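Before reading on, please bring up the sequence alongside the model. The paragraphs below take up charge pairing and then the surface.

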Amino acid sequence: MYVVGIIIRKNSLGIAALIEIIIPKNYFLVFYIIVYVFSPYINIMLEHLNCNDRKRLRNLLIGIFSIYSTVINVLMCFTNVNAENMNPVSRSGDSYGYSIVQFFIMYLLGALLSKEDHFYKKSKSIILWQSNILIIFGIAVFLDFMLLKREFTLDVVWAYSNPLIIFSSVHIFRAFREIEMGCIKAVNSLARASFMVYLIHPYILSMLDFSFIKNFNILQLLFVLIILSILTYCIGFFVYMIWELTIHKMEIIFEKRFVSEKRQS
């Protein structure tokens with residue numbers, strides 16, 4: 001992407017420009033790696049908790065870091081009181097859920113849900129998810145058009161720490177868990193490239209000039225969005241294949257050479 005950017009004159013030639021494009025353009029990757037490193041220890045902890053303790057842990061997580069945190073945000077929306085120091089995430093608030101705390105919470109919730117023996121039916125989970133979404137949009141429309149008309153208020157509505165957003169994620173998790181697709185090679189091949197598409201799409205979009213769509217009607221805009229999505233995925237899949245044939249092959253060789261020998265010794 002650095003070389004492509006130079007060719008189309010979006011990037012300048014130099015060490016600083018190269019470092020800038022190597023550094024991830026999203027916080028997600030950094031937080032994802034941190035949670036991944038801690039995940040084995042979290043799993044060991046959960047294995048030693050009984051059913052009641054797991055429920056208490058779930059209720060504490062949602063109660064303190066979601067419900068209570070959102071109450072603080074709502075309080076600041078409707079008053080001029082600065083209550084950020086009362087937020088349990090940090091002294092500057094909960095960053096609307098864009099924090100490592102929220103990542104640990106979601107991982108723990110997913111792990112706790114995976115240990116549940118009873119699940120809603122897929123249809124019920126989808127209905128509950130759609131109901132949550134309608135409630136969230138309803139609140140957003142009411143606050144935006146009828147009450148405060150402030151961007152800060154909508155940030156609280158869409159925040160990842162909002163319990164309604166978390167419950168929506170839970171219902172989607174449950175719905176997908178009930179789907180049995182079996183082994184479909186085409187789906188598996190495309191799915192493996194999804195994370196690469198996520199990582200590379202900011203670089204692709206940053207190289208495009210979207211000024212040409214400002215006079216498009218809704219159908220033209222929809223058509224452009226569909227084509228752009230397909231092209232972005234195709235480019236991401238192509239980059240994934242390059243990685244699979246180069247870096248991943250080197251990783252396998254390294255693992256066989258050093259990791260296997262260390263285990264045998």
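Arg 56 counts as exposed, because its relative accessibility is 51% and the exposed class begins over 50%. The model in which this value is computed is a predicted one. Asp 53, by contrast in class, is partly exposed, with a relative accessible area of 28%. These two residues are joined by a salt bridge, in which the closest N and O atoms are 2.8 Å apart, and a search of the whole structure finds 1 such contact. Side chains of opposite charge can pair when their charged atoms come close. As for the backbone that carries the pair, Asp 53 and Arg 56 are 3 residues apart in helix 4, which covers residues 51-78, so about one helical turn separates them.

The surface also carries a nonpolar patch, whose members together have about 1100 Å² of accessible area and include Val 30, Tyr 32, Ile 33 and Phe 38, as well as Phe 195 and Tyr 198. Which helices each supply at least two residues of this patch? They are helix 3, spanning residues 27-47, and helix 10, spanning residues 194-206. Of the contributors, helix 3 gives the most, with 9 residues.

Phe 38 may serve as an example from the patch, and its place in the chain is within helix 3. Phe 38 has a relative accessibility of 44% and therefore counts as partly exposed, while membership of a patch requires over 30% relative accessible area.

How values were computed. Residues numbered from 1 in each chain as written. Predicted model: local features only at pLDDT ≥ 70, side-chain atom pairs only at ≥ 80, totals over all residues. Heavy atoms only, no water. Patch = residues over 30% accessible without salt bridge, like charges linked within 9 Å, V, L, I, M, F, W, Y side chains within 5 Å. Areas by Shrake-Rupley, 256 points an atom, 1.4 Å probe, with all protein chains shown as cover. Salt bridge = Lys/Arg side-chain N within 4 Å of Asp/Glu carboxyl O. Helix = DSSP H or I, 4+ residues; strand = E, 2+ residues; numbered from the N terminus. Buried < 20%, exposed > 50% of the residue type's maximum accessible area, 1.4 Å probe, protein only.
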